[in-house]
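The following report describes selected side chains, their contacts and a bound ligand. It moves from secondary structure to charged pairs and then to the ligand site.

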Amino acid sequence: MSKRILVLPGDGIGPEIVDEAIKVLATLRDEFGLDVDLDEALVGGGAYDAVGHPLPDATLELAQEADAVLLGAVGGPKWEPLDIAVRPEKGLLGLRSELGLFANLRPAILYPQLADASTLKAEVVSGLDIMIVRELTGGIYFGQPRGVRTLDSGEREGFNTLVYRESEIERIVRVAMAIAGKRDGRVCSVDKANVLECTELWREVAVRVGSENPQVELSHMYVDNAAMQLVREPKQFDVMVTTNMFGDILSDCAAMLTGSIGMLPSASLDENGKGMYEPIHGSAPDIAGQGVANPLATILSVAMLLRYSFDESGLADRVEQAVNRVLDDGLRTADILSAGTREVGTVEMGDAVVTALRAD
Ligand code: NAD
C-alpha cells in the first residue's frame with residue numbers, strides 16, 4: 001500500500017523550499033519506485049489567515065492519518081502581534097504534542113565542501129558528525145503551572161515548571177541508545193543534576209537505561225560544560241541526549257558549528273517511528289519571495305524521512321549523495337557561497353539535486 005506524506009509548506013520561504021523537496025520526492029516516486037502519495041495542507045500564519053487558527057482541525061486530521069509529515073517553516077513579523085495562543089509557532093507545538101513526537105533528532109554534520117562556512121577553525125570542525133537527541137514534548141516548555149502572576153507587593157512574577165516523569169526520560173534515552181548503536185556507539189547525556197532535582201532523576205534513569213545497553217558507552221555532562229565543549233572540541237561527541245530546553249539551545253549551537261543553517265535537517269519521531277521532518281531554520285522572512293533560499297535542509301529532511309519513517313535507507317543514501325555531488329560541483333545558494341563557487345537560486349539548486357539523483 002502507498003505511504004502517505006502530508007506536506008505542510010507553511011510561511012515565508014517555506015513554500016519555496018518545500019517545492020524543491022517535492023521535486024525530489026516526485027523523482028523518487030516516478031523513477032526510483034518509491035510508492036508514495038502526497039497531500040498538502042495549511043499550517044502556521046497562512047492557516048491563521050485562512051481559518052483563524054495556526055493548526056486547523058483538517059490539517060491535524062490529515063497529519064494523524066499520514067505516515068509522515070514534511071514541513072517547511074512557520075511564522076513571520078505579520079503574525080507577531082497576535083495573541084500567543086494563535087501565533088504560527090503554536091501550530092508547530094500543537095502538531096508535536098498531538099502526534100506525540102517526543103524525540104527530536106538534529107544532526108550537525110559539516111560537509112567537507114563547506115568547511116570554510118564555519119566560524120571555528122577548520123581543524124576543529126572538519127568531519128564533524130554529531131546527532132543531538134532532544135526530548136520534545138515535555139520539560140519546562142510544557143510543564144504546569146506556568147504564567148505571570150502579581151504578588152501582594154504589586155510586583156509581577158513569571159514562572160514555569162521543569163517536570164519529567166521517569167517514563168518520559170526512559171523513552172528518549174532509549175532512542176539515543178538505539179541511534180548510537182547504528183553510529184559510533186557513544187551517548188553523552190546532558191543534565192544539570194548538580195542543581196536541578198528533575199535532572200538528577202534524569203541522570204538516574206539514564207544510568208539505568210544505560211546499564212541495559214552495555215554495547216553503548218554512556219557518559220554524563222552538565223549542560224554548561226556541554227555548551228563549552230561543543231565549541232572547544234565538538235568532535236568528542238557522537239550522540240547527545242538531553243531535555244527539551246537544553247536540547248533547543250545546544251542543537252542551535254551545534255548547528256552553527258557547521259556554519260550553514262540552510263543545510264541542516266531534523267526529524268521528530270513518535271513511539272512507532274512516525275515522524276515530522278523539517279529544516280532546522282525558520283521562515284526567513286528577510287529573504288522570502290526572492291528565490292534565494294537554500295532548499296538543501298528540506299531536501300535532506302526528505303532523506304531523514306526515508307530513513308527513519310519509511311525504512312528506505314538506500315533511497316535516503318541516494319538523496320544525500322545527490323546533495324554531496326551538487327556541492328562537489330561547486331553550486332551554492334547565497335548563504336553558503338564562498339570563493340570559487342557558483343551562486344544559484346532555490347529552483348536551480350533543487351533542479352541540480354534532481355539531475356544528480358538521476359545521474360547516480
Ligand atoms: P530564521 O531561521 O528564519 O532566519 C535566520 C537567518 O538565517 C536569516 O537571516 C535567514 O535569511 C537565514 N536563513 C534561514 N533559513 C535559510 C535558508 N534556507 N537559506 C538561506 N538563508 C536562510 O530565524 P528567525 O529570523 O529568527 O525567524 C524568522 C521566523 O521564523 C520567526 O517568525 C520565527 O518564529 C520563525 N521560526 C520558525 C521555525 C520553524 O518553523 N520550525 C524555527 C525557527 C524560527
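Helices (H or I, at least four residues) and strands (E, at least two) are taken here as DSSP runs, numbered from the N terminus. The model is a predicted one, in which local features need pLDDT of at least 70 and side-chain atom pairs count only at pLDDT 80 or more, while totals for chains, interfaces and linings use all residues. Residues are numbered from 1 along each chain as its sequence is written, and side-chain values use heavy atoms, with hydrogens and water left out.

**Helix α9 and its partners**

Asp248 lies in helix α9 and is partly exposed, with a relative accessible area of 24%; on this scale buried means under 20% relative accessible area, exposed means over 50%, and partly exposed is in between (1.4 Å probe, protein chains only). Leaving aside residues up to four places away in sequence, Asp248 touches Arg134 and Tyr141, where contact means heavy atoms within 4.5 Å. Asp248 and Glu135 are 113 residues apart in sequence, and their C-alpha atoms are 9.1 Å apart in space.

Another residue to consider in this helix is Asp252, whose side chain meets that of Arg106 in a salt bridge, a term that stands for a side-chain nitrogen of Lys or Arg within 4 Å of a carboxyl oxygen of Asp or Glu. The pair links distant parts of the chain, since Asp252 belongs to helix α9 (residues 244–257) and Arg106 to strand β4 (residues 103–109), 146 residues apart. Asp252 is partly exposed at a relative accessible area of 42%, whereas Arg106 is buried at 9%.

**Salt bridges**

A search of the whole structure finds 24 salt bridges, and the table sets out some of them with the N to O distance.

| Basic residue | Acidic residue | N to O distance |
|---|---|---|
| Arg106 | Asp252 | 2.9 Å |
| Arg174 | Glu170 | 3.1 Å |
| Arg171 | Glu271 | 3.1 Å |

Arg174 and Glu170 are 4 residues apart in helix α6 (residues 166–181), so about one helical turn separates them. Both ends of this pair are partly exposed, Arg174 at 36% relative accessibility and Glu170 with a relative accessible area of 22%. The bridge between Arg171 and Glu271 ties together parts that are 100 residues apart in sequence, because Arg171 lies in helix α6 and Glu271 in the loop between β11 (265–269) and β12 (275–279). Arg171 is partly exposed, with a relative accessible area of 23%, while Glu271 is exposed, with a relative accessible area of 56%. Salt bridges that share partners also join Glu166, Glu170, Arg174, Arg208 and Glu212 into one network.

**Two buried residues**

Which side chain of opposite charge is nearest to the buried Arg332, and how far away is it? Arg332, found in strand β13 (residues 331–332), has no salt bridge, and the nearest such side chain is that of Asp328, 7.0 Å away; for this purpose Lys and Arg count as positive and Asp and Glu as negative, with His and the chain ends not counted. Beyond residues up to four places away in sequence, the contacts of Arg332 include Gln113, Leu114, Leu327, Arg342, Glu343 and Met349.

Val323 lies in helix α11 (residues 313–328) and counts as buried at 0% relative accessibility. With residues up to four places away in sequence not counted, Val323 touches Met263, Leu296, Ile299, Leu300 and Val353. The C-alpha atoms of Val323 and Val354 are separated by 9.2 Å, the two residues being 31 residues apart along the chain.

**The ligand site**

The ligand is surrounded by 20 residues, the closest being Val74, Glu89, Gly282, Ala284 and Asp286, where a residue is near a molecule if one of its heavy atoms lies within 4 Å of it. An N or O atom in the side chain of Glu89 is 2.4 Å from an oxygen atom of the ligand, and a polar side-chain atom of His281 lies 3.1 Å from a ligand nitrogen atom. A polar backbone atom of Ser283 is 3.1 Å from an oxygen atom of the ligand. The protein covers 68% of the 810 Å² of accessible area that the ligand has on its own, an area obtained by the Shrake-Rupley method with a 1.4 Å probe.

Ser283 has its place in the loop between β12 and α10 (296–308) and counts as buried at 5% relative accessibility. A polar atom of the Ser283 side chain lies 2.7 Å from the backbone oxygen of Gly75. Among the residues that Ser283 touches, not counting those up to four places away in sequence, are Asp11, Gly12, Ala73, Val74 and Gly75.

Technical notes
A polar contact is a pair of N or O atoms within 3.5 Å; within protein, one must be able to donate a hydrogen and the other to accept it, and residues adjacent in sequence count only if both atoms are side-chain atoms.
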